[in-house]
Amino acid sequence: MDYHLSCTTKLLVTVVQSEEMKLSFTNRQLTITVPEEIQTIGTENDTVPPLQEIIMRTIYNFYHTSKKGLDPLSPNSLPRNLCELLFYPLGHCHHCSQPMFTIVYPKCFPLTETPMAALYNGRTKMCFVAYCCSTKCLQVFDLLS
């Protein structure tokens, strides 16, 4: 699968086969494996997140905006894995801080193109990977702004 993030950045989503399946993506000839908790890597072409992500966001927003928060959820109200995911999301969007439950939209920033470039004198292929919650945040997020 070949996806385009922008005119200058190309994102290739692949599954690397080893002892277990691991998700990774390629950016500028650098393959980056994402943490195993991430179920899906989104791209700019994905206009709708997976159903489980939509459901988790809805439940989270419903309870988060209520006065009691997530406390009223009994351990039996959701399957254990979903309850744990609700209380401990994968992370939060680098742009809007919304929790992400099953899918992330990665955006790479080579360290040589950041203020940290002076530390490496242009001799590194390391990247800072920002995770966004949606294609909208992916398009808008800029590490330097």
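In this predicted model, the face of helix α2 that is turned away from its buried side carries the exposed residues Arg80 and Asn81. On the buried side of α2 are Leu82, Cys83, Leu85 and Leu86. Seen down the axis of α2, these buried residues fall within an arc of 160°, so they line one face of the helix. What do the buried residues of α2 pack against? Their partner is helix α1.

Both helices also hold charged pairs. Side chains of opposite charge can pair when their charged atoms come close. A search of the whole structure finds 2 salt bridges, which are set out below.

| Salt bridge | N to O distance | Helix |
|---|---|---|
| Glu53 and Arg57 | 3.0 Å | α1 (residues 51-65) |
| Glu84 and Arg80 | 3.1 Å | α2 (residues 80-87) |

Why can Glu53 and Arg57 be described as about one helical turn apart? They are separated by about one turn because they stand 4 residues apart in α1. Glu84 and Arg80 are likewise 4 residues apart in α2, and therefore about one helical turn from each other. An α-helix has 3.6 residues a turn, so residues three or four places apart point the same way.

The surroundings of these pairs can be described residue by residue. Glu53 and Arg57 are both buried. Glu84 counts as partly exposed because its relative accessibility is 41%, whereas Arg80, at 66% relative accessibility, counts as exposed.

Turning to the nonpolar interior, the largest nonpolar core has 20 residues, and those with the most contacts inside it are Phe25, Val34, Val129, Tyr131 and Cys132. The elements that give two or more residues to this core are the strands β8 (103-110) and β9 (127-132), together with the helix α4 (135-140). Strand β8 provides the largest share of this core, namely 5 residues. Another core, of 9 residues, lies apart from the largest one, and among its members are Met56, Tyr60, Cys83 and Phe101.

Which residues does Val129 touch, if those up to four places away in sequence are not counted? Its contacts are Phe25, Ile32, His94, Pro106, Lys107 and Cys108.

One further detail concerns the backbone. Most residues other than glycine have a negative phi. Ser97, however, has a phi near 70°, which is a positive value in a residue other than glycine. Ser97 is found in the loop between the strands β6 (91-92) and β7 (99-100).

Conventions: Residues numbered from 1 in each chain as written. Predicted model: local features only at pLDDT ≥ 70, side-chain atom pairs only at ≥ 80, totals over all residues. Heavy atoms only, no water. Core = buried A, V, L, I, M, F, W, Y, C linked by side-chain atoms within 4.5 Å. Buried < 20%, exposed > 50% of the residue type's maximum accessible area, 1.4 Å probe, protein only. Contact = heavy atoms within 4.5 Å. Salt bridge = Lys/Arg side-chain N within 4 Å of Asp/Glu carboxyl O. Arc of directions from axis to C-beta.
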